[in-house]
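Good morning, colleagues. Please take a moment to look at the sequence and the structure before I begin.

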Amino acid sequence: MAAPLAGVPRGAGRAAEPAGGNPRGAAGSPRPPPRPPGGDPPPSPPDRRKKKDDNILEIPSIPNPFPELCCSPFASVLSASLLPKATSRKKQVIKVYSEDDTSRALEVPSDITARDVCQLLILKNHYIDDHSWTLFEQLTHTGLGRAIEDHELVMEVQSNWAMEEENKLYFRKNYAKYEFFKNPLSFFPDHMISFPNETNAAVSHSGVLQMFLSSSTYPEIHGYLHAKEQGKKSWKKLYFLLRRSGLYFSTKGTSKEPRHLQFFCEFSNSDMYMSLTGKKIFGAPTNYGFCFKPNKSGGTRDLKLLCADDEQSRTCWMTAIRLLKRSISENSLVAMDFSGHRSRIIENPTEALSVAVEEGLAWRRRGCLRLNSHGSPIAMSNMAIHRSQSWFHHKISREEAQRLILQHGLVDGVFLVRDSQSNPKTFVLSLSHGLKIKHFQIVPLEDDGKLFYTLDDGHTRFTDLIQLVEFYQLNKGVLPCKLKHYCARIAL
C-alpha cells in the first residue's frame with residue numbers, strides 16, 4: 001500500500017503519480033488518500049486550489065452576453081484583436097483671441113482643423129455662420145500674420161512657434177476668404193498675368209479657375225517686387241515670375257530666358273504671411289509687404305521678404321501663390337461646400353463658381369432692432385443710437401480703421417463707421433472698393449430745429465446713422481459701391 005502523502009512535498013507527490021490510469025475518480029474528483037489499517041483517516045493536507053475553486057463556486061454563475069469576446073479555456077491571454085481599442089483622441093488646450101484682445105481657452109482634439117475651431121466658436125457664441133469666419137495667426141515679434149486655411153491642423157501651426165514667442169490665434173471675419181471664386185478676373189490685372197499660348201485671349205471665369213487648378217496650364221504671374229537682400233538692410237527691385245515650379249527673379253531686366261532666371265523660393269515647406277508692420281521692423285519701401293517663412297524657421301534670418309508697390313499687386317501675388325500651394329498640395333482643398341450637415345470638396349470649377357455666387361447672395365446681415373418687446377420705439381437719443389451697432393467704432397483713428405478693414409479682407413463693400421478725428425461733431429464712413437480704402441465724411445445738418453445726417457451735402461438726409469447705413473446697404477447713391485460687410489469687434 002502506498003504511503004500517505006502528508007509528509008511528502010506537493011511537487012514530489014505529483015511526480016510520483018503513475019502515468020497511466022486515472023488519478024482522479026470516475027467523476028473527475030480527486031482520489032482520496034489511503035486509510036491506514038485500524039485507525040482514523042489522517043487529516044487532509046491543505047489544498048489551496050480546492051479552496052480557490054470553492055470560493056469561485058460560491059459566486060452564482062452569470063451568463064456572458066458577449067461570448068465572442070471570451071478566450072478559449074486553454075488560452076492563457078486574450079487575443080489582442082479582441083481587446084477593445086482606445087478610440088479617444090488626445091486633447092489639448094488652445095487660446096483664441098478676439099479683436100478686443102479678450103481670449104477664450106478651448107480644449108480640443110489634437111487633430112482639429114482651423115475650420116472646426118471656427119465652427120466651435122460660432123456655436124459657443126451663437127454667431128451667424130456666413131462662411132467668412134477665419135482663424136488668423138499673428139506672429140507678434142516679427143509683425144507677420146496670415147489667415148490659416150480651413151484644412152490646416154491647428155496643433156501643427158502652433159508646433160512651429162518658438163517657446164519664447166508670444167504668438168496668438170485670432171478669431172475674426174475675412175470676407176476675402178473665398179472672393180476669388182466669385183470674381184477671379186478682378187484679382188489679376190492684365191499686365192501681371194500671362195496665359196498659355198494655346199489659350200484664347202478672352203477667358204471666362206470658369207476658364208480662369210480651371211487654369212489655376214490645373215496641373216499643366218497654370219498661368220504665369222510676373223511683375224516687379226522689392227526683395228530684401230539676405231543679411232543686409234537694403235532692398236532691391238527685381239522682376240519676378242511665378243511658375244508652377246516656384247518663384248523666380250530675373251538677373252537681367254525683364255528677361256524670361258532660363259539662363260537669366262534665378263530661383264527664389266518654393267512653397268511646399270513654407271507658409272506665406274502678410275507683413276503688418278514691414279516699414280517699422282524691416283525698413284520696407286512700401287506698406288504692401290509679404291514674406292515666406294519656413295515651417296521650422298530659426299528666426300528673422302530665414303524670412304524671405306518681398307514688397308509690392310500697391311495693394312492690387314500684393315493681392316495678385318498672394319492670391320496666385322495661395323492657389324498654387326493648394327493645387328500642388330497632396331491634401332489640396334480647392335473649394336468647399338458647407339451647405340449641408342457635413343462639408344465636402346468641390347472639384348468642378350464651374351460648380352465652385354456657382355456655389356460661391358450663391359453664397360454671396362445668401363449673405364445675411366443682422367437686423368437693426370430699434371423696437372422693444374412691446375413694439376414701441378426705444379427711448380434713446382438719435383445722437384447715441386448708433387453706438388449699439390456692430391459697424392460703429394467709437395474713437396478709432398484713420399490708421400486703425402484701415403488696419404481693421406484690411407484684416408477683414410479688401411472686398412468691395414467692407415465698411416465701418418467711426419468718429420471723425422478732425423471734427424468731433426462729424427462721422428466718417430470708411431469703405432473698401434477696388435482694393436483701396438476710401439473715407440467719406442458724414443456731416444450733421446440742422447434744418448427747422450431738427451438734426452439730420454448726410455453724405456451728399458444735404459441732397460439725401462437721414463434722421464440717424466442707422467437709417468443712413470441701411471439706405472446705402474440697399475442703394476449705391478454717391479458711394480462707389482453698396483455697403484455689404486461691416487467690420488465688427490467681436491467678444492469671445
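I shall begin with the whole protein and then turn to a few of its parts.

Please keep in mind that what you see is a predicted model. The protein has 11 helices and 21 strands. It runs to 492 residues, and buried residues make up 41% of them. How are the contacts spread along the sequence? Of those between residues at least 6 apart in sequence, 53% join residues at least 24 apart.

Let us turn first to a group of strands. Strand S9 covers residues 246-250, and 5 of its 5 residues are buried, so that one may call the strand mostly covered by the cut-off of under 20% relative accessible area. On one side of our account stands strand S8, residues 235-243, which is antiparallel to S9 and is joined to it by 5 bridges. The connection between S8 and S9 is a hairpin of 2 residues. Within this pairing, Leu241 is placed opposite Tyr248 of S9. Strand S9 also pairs with strand S10, residues 261-265, again in the antiparallel sense, over 4 bridges. Here Phe249 has Gln262 of S10 opposite.

I move now to helix H10, which spans residues 398-408. Which of its residues are buried? They are Ala401, Leu404, Ile405, Gln407 and His408. Viewed down the axis of H10, these buried residues fall within an arc of 160 degrees, so they line one face of the helix. As a general point, an α-helix has 3.6 residues a turn, so residues three or four places apart point the same way.

Against what does the buried part of H10 pack? The partners are strand S5 (168-173), strand S16 (392-393), S17, strand S18 (427-433), strand S19 (436-447) and strand S21 (485-486). After the helix comes Gly409, with a positive phi near 100 degrees.

One of those partner strands, S17, comprises residues 414-419 and holds Arg418. I would draw your attention to this residue. Arg418 is buried, yet has no salt bridge. How far away is the nearest side chain of opposite charge? That side chain belongs to Glu399, and the distance is 7.6 Å. The cut-off for a salt bridge is 4 Å, so a separation of 7.6 Å does not qualify. The side chain of Arg418 does, however, make polar contacts. One is with the side chain of Ser430, at 3.1 Å. Another, of 3.3 Å, joins Arg418 to the side chain of His439. Setting aside neighbours within four places in sequence, the residues in contact with Arg418 include Phe392, His393, Ile396, Ala401 and Phe427.

Two further buried residues deserve mention. The first topic is Ser313, which is found in helix H8, residues 311-328. Its relative accessible area is 9%, so Ser313 counts as buried. Apart from residues up to four places away in sequence, Ser313 touches Met192 and Ala308.

The next topic is His131. Where does it lie? His131 is in the loop between helix H3 (114-125) and strand S3 (133-139). With a relative accessible area of 18%, His131 is buried. Its C-alpha atom is separated by 8.8 Å from that of Lys173, and the two residues are 42 residues apart along the chain.

To close, I return to Arg418: it is buried without a salt bridge, while its side chain makes polar contacts with those of Ser430 and His439. Thank you for your attention.

Technical notes: Residues numbered from 1 in each chain as written. Predicted model: local features only at pLDDT ≥ 70, side-chain atom pairs only at ≥ 80, totals over all residues. Heavy atoms only, no water. Buried < 20%, exposed > 50% of the residue type's maximum accessible area, 1.4 Å probe, protein only. Pairing = 2+ DSSP bridges. Lys, Arg positive; Asp, Glu negative; His and termini not counted. Polar contact = N/O pair within 3.5 Å; in protein donor to acceptor, adjacent residues only side chain to side chain. Contact = heavy atoms within 4.5 Å. Arc of directions from axis to C-beta.
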